[in-house]
Amino acid sequence: MRAASPAWFRRPSVLPGFGLTVGISVFYLSLIVLVPLCGLFLKSTGLGWQGFWQAALAPRAVAAYRLSFGAAFFAAAANAVFGLLVAWVMVRYRFPGKRIVDALIDLPFALPTAVAGITLTALYAENGWIGALLAPLGIKVAFTPLGIVIALVFIGLPFVVRTVQPVLQDIDAEVEEAAASLGAGRLQTFRRVILPAVFPAILTGFALAFARGIGEYGSVIFIAGNLPMVSEIAPLLIVIKLEQYDYAGATAIAAFMLLVSFVLLFVINLLQRWNRARYL
Amino acid sequence: MRIEAKDITKTFGGFTALRAVNLAVESGELVALLGPSGSGKTTLLRIIAGLEFPDDGAILFDGDDASRRTVRERNVGFVFQHFALFRHMTVFENVAFGLRVKPRTRRLSEADIRARVERLLDLVQLTNFAARYPTQLSGGQRQRVALARSLAVEPSVLLLDEPFGALDAKVRRELRRWLRALHEEMHLTSVFVTHDQDEALELADQVAVMSNGTIEQIGSPQEVYDHPASAYVCEFLGNVNRFDCTIRGGVAVVCDDEFMTVRSPGVVEGSAVAYVRPHDISIYITKAQLGLPAIVRHIAAAGPVAVVELAAEGVQGPVEALLSRTRHRELKLAVGQSVFLRAQAARIYPAERPAVANVE
């Protein structure tokens, strides 16, 4: 009975197969995302309410969360700034070797993260090329939280560049010319015209890089040093718990991280909607 | 303000967009740069604005060399074909933009900004749309916002790049009339670019017809329409019939049929091209001394004049003739009928050579 389905659910459309595509999407999402996540929560309930919170909010776990979310935040923030710059250069200028640079940007996507971690560690260790330069200044990178941020910056860069780039491309050079003809300086044009236009894309890129940073494991464990309470990230803590056959404890931490990540991404999404609803 | 472009040359890579172009726009005039795409009209406008810099030559504002001034310093209002509005700002903020970015010492107070923006929105009849965003407006409304925005900074020159190019025909005509009225009220020196000859002829005080990076002719609309300086201008300014013919003993001959007598002494014997406006073609049922045989293909009689489309031997494409309603009633033409054509007036140019003879 077609008439029974509510109007908002099924609108007449020239595209066929609404039911089919929605059905497949829901099934697929359930299979790939929802079922494993439910399994995760189910497993963590083995601890009981009290046990769950005890495992999830143990001091070592809290320190790990703080590090994971903090480092991911700072790395994503750094990427938002410099990713915008890179995207700008890629869109606005033509220079020799541009295609090579373009390919380089995607490299962190493709490179096995362990390779990135080992390379960065070699570079930033006190006897590495960069680490040796920084050591006399009293700056230690490898085996500190700073090292984690650097690894996450490396991993997250393409997310910002690739989300901002097409949006920047869409901004007509005419809009900038219009601003200049109205007397705006370069900085004013950037701040009042360009930035507001690409801000939603920056936010998306930030969210992606942030999410990736929270979950990143491979590159971080090599450069982090992994000292409990200091430079131990939450994903590593989960692995450690697993290796000790503390499955319930591992899932408790995982479930808690999942909750926090979901809330953060949800807030970013709301921010996006609010921002977009204003003029689209 | 008087604008003068002196020997402007501009190349892009291997392409010469402008070659030694000279143009003078008198204070308070509305000038049209008319030409097909690629003729250099937009480049010339952008050079006047300071959005582009010439390889050679100078731009003078009231006699002062402005060539080195950037677009910020030239105090020009520029209106773009695709509006170039700031999407994330309301109509009000778009118009206020130029006032808000002024250095603090020269910036108006918030109340004055508000008052001026409201006056401008009133001028472009968009008072009720102040809080809307550009995506919520129609094309014509957006272009009026763009115009108000450029006028907010009180420019000494208004430059418009195909201002009606992205609009549909009806809005176009309305906006055209409205712009003319605005110009009459403000007498702001204005230059606009267009490829639409009707627009240029209807709106401008002076029309500069451009082709291939040069200005072919500058003059009042009537001047360029009635006395085109070259075959190119004649052909470009719309609705002419082109006849490849031979001048033989003072008579223009198309395919051995005598078409019109050429009395003017300037015309050289030999092969030539005659341009005849549709209203200068007369249709006869019988052949007198002169007459080019033709067949009626189509008649559109609805309107102030009847438009008759004919096919004539030796002429490429259809020939268009305009008949008054009385003449149309007299002739009682029917599709498929054989008739004879005669030209009452024509512009005759020797074939493949720019030259001049006005035959009336």
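A residue counts as buried when its relative accessible area is under 20%, as exposed when that area is over 50%, and as partly exposed in between. Keep that in mind, because Phe52(A), at 10% relative accessibility, falls on the buried side. What you're looking at is a predicted model. Chain A is built with 12 helices and 0 strands, while chain B has at least a strand, E1, and a helix, H10, to look at. Here's a quick tour, starting with chain A as a whole and then moving to single residues.

**Chain A in broad strokes**

- Follow chain A along its sequence and the pattern reads α-α-α-α-α-α-α-α-α-α-α-α, with 12 helices and 0 strands in the count.
- Taken along the principal axes, the C-alpha atoms of chain A fill a box of roughly 75 × 65 × 30 Å.
- Of the 280 residues in chain A, 40% are buried.
- Look at the contacts in chain A with a separation of 6 or more: 75% of them are between residues 24 or more positions apart.
- The area that chain A exposes comes to about 16,200 Å², and carbon and sulfur atoms supply 71% of that.
- On the charge side, chain A carries 20 positive and 12 negative side chains. The centres of those two sets sit 8 Å apart.

**Aromatic rings**

- Searching the whole structure turns up 15 aromatic pairs over all chains.
- One of them joins Phe52(A) and Trp53(A), with 5.1 Å centre to centre and 85° between the planes, an edge-to-face pair.
- The two partners differ in cover: Phe52(A) is buried at 10% relative accessibility, whereas Trp53(A) is partly exposed at 29%.
- Another pair is Phe73(A) with Phe206(A): the ring centres are 5.7 Å apart and the planes meet at 85°, so this pair is edge-to-face.
- Phe73(A) belongs to helix H3 (residues 59-92) and Phe206(A) to helix H9 (residues 186-215), so their pairing ties together parts of chain A that are 133 residues apart in sequence.
- Phe73(A) is partly exposed at 43% relative accessibility, while Phe206(A) is buried, with a relative accessible area of 15%.
- There's a cluster too: ring pairs link Trp49(A), Phe52(A), Trp53(A), Tyr65(A) and Phe256(A).

**Helices H7, H8 and H9 of chain A**

- Helix H7 (residues 145-170) is where you'll find Thr163(A).
- A polar atom of the Thr163(A) side chain lies 2.8 Å from the backbone oxygen of Phe159(A).
- Leaving out residues up to four places away in sequence, Thr163(A) touches Ala201(A), Thr204(A), Gly205(A) and Leu208(A).
- Helix H8 (residues 173-181) is mostly covered, with 8 of its 9 residues buried.
- The buried residues of H8(A) are Glu174(A), Val175(A), Glu176(A), Glu177(A), Ala178(A), Ala179(A), Ala180(A) and Ser181(A).
- Just after H8(A) comes Gly183(A), which takes a positive phi of about 100°.
- In helix H9 of chain A there's a proline, Pro196(A). Pro196(A) is partly exposed, at 23% relative accessibility.
- From Pro196(A) to Phe27(A) is 38 Å in space, C-alpha to C-alpha, and 169 residues in sequence.

**Two spots in chain B**

- Ile3(B) sits in strand E1 (residues 3-12) of chain B.
- Ile3(B) has a relative accessible area of 2%. Buried means under 20%, so Ile3(B) is buried.
- Setting aside residues up to four places away in sequence, Ile3(B) touches Leu23(B), Ala24(B), Val25(B), Ile48(B), Leu60(B), Phe61(B), Val157(B), Thr189(B) and Val191(B).
- Ile3(B) and Glu330(B) are 327 residues apart in sequence, and their C-alpha atoms are 53 Å apart in space.
- His328(B) is found in helix H10 (residues 325-331) of chain B.
- His328(B) is buried because its relative accessible area is 19%, and the cut-off for buried is under 20%.
- Not counting residues up to four places away in sequence, His328(B) touches Ile299(B), Ala301(B), Ala306(B) and Leu323(B).

Methods
Residues are numbered from 1 along each chain as its sequence is written. Chains are lettered from A and ligands numbered from 1 in the order in which they are written. This is a predicted model: local features need pLDDT of at least 70, side-chain atom pairs count only at pLDDT 80 or more; totals for chains, interfaces and linings use all residues. Side-chain values use heavy atoms; hydrogens and water are left out. Helices (H or I, at least four residues) and strands (E, at least two) are DSSP runs, numbered from the N terminus. Buried means under 20% relative accessible area, exposed over 50%, partly exposed in between (1.4 Å probe, protein chains only). Contact means heavy atoms within 4.5 Å. Accessible areas come from the Shrake-Rupley method with a 1.4 Å probe; for residues, only the protein chains shown count as cover. Lys and Arg count as positive and Asp and Glu as negative; His and the chain ends are not counted. The place of a charge is taken as NZ of Lys, CZ of Arg, CG of Asp or CD of Glu. A polar contact is a pair of N or O atoms within 3.5 Å; within protein, one must be able to donate a hydrogen and the other to accept it, and residues adjacent in sequence count only if both atoms are side-chain atoms. Rings of Phe, Tyr and Trp (its six-membered ring) pair if their centres lie within 6.5 Å; planes under 30 degrees apart count as stacked, over 60 as edge-to-face and the rest as tilted.
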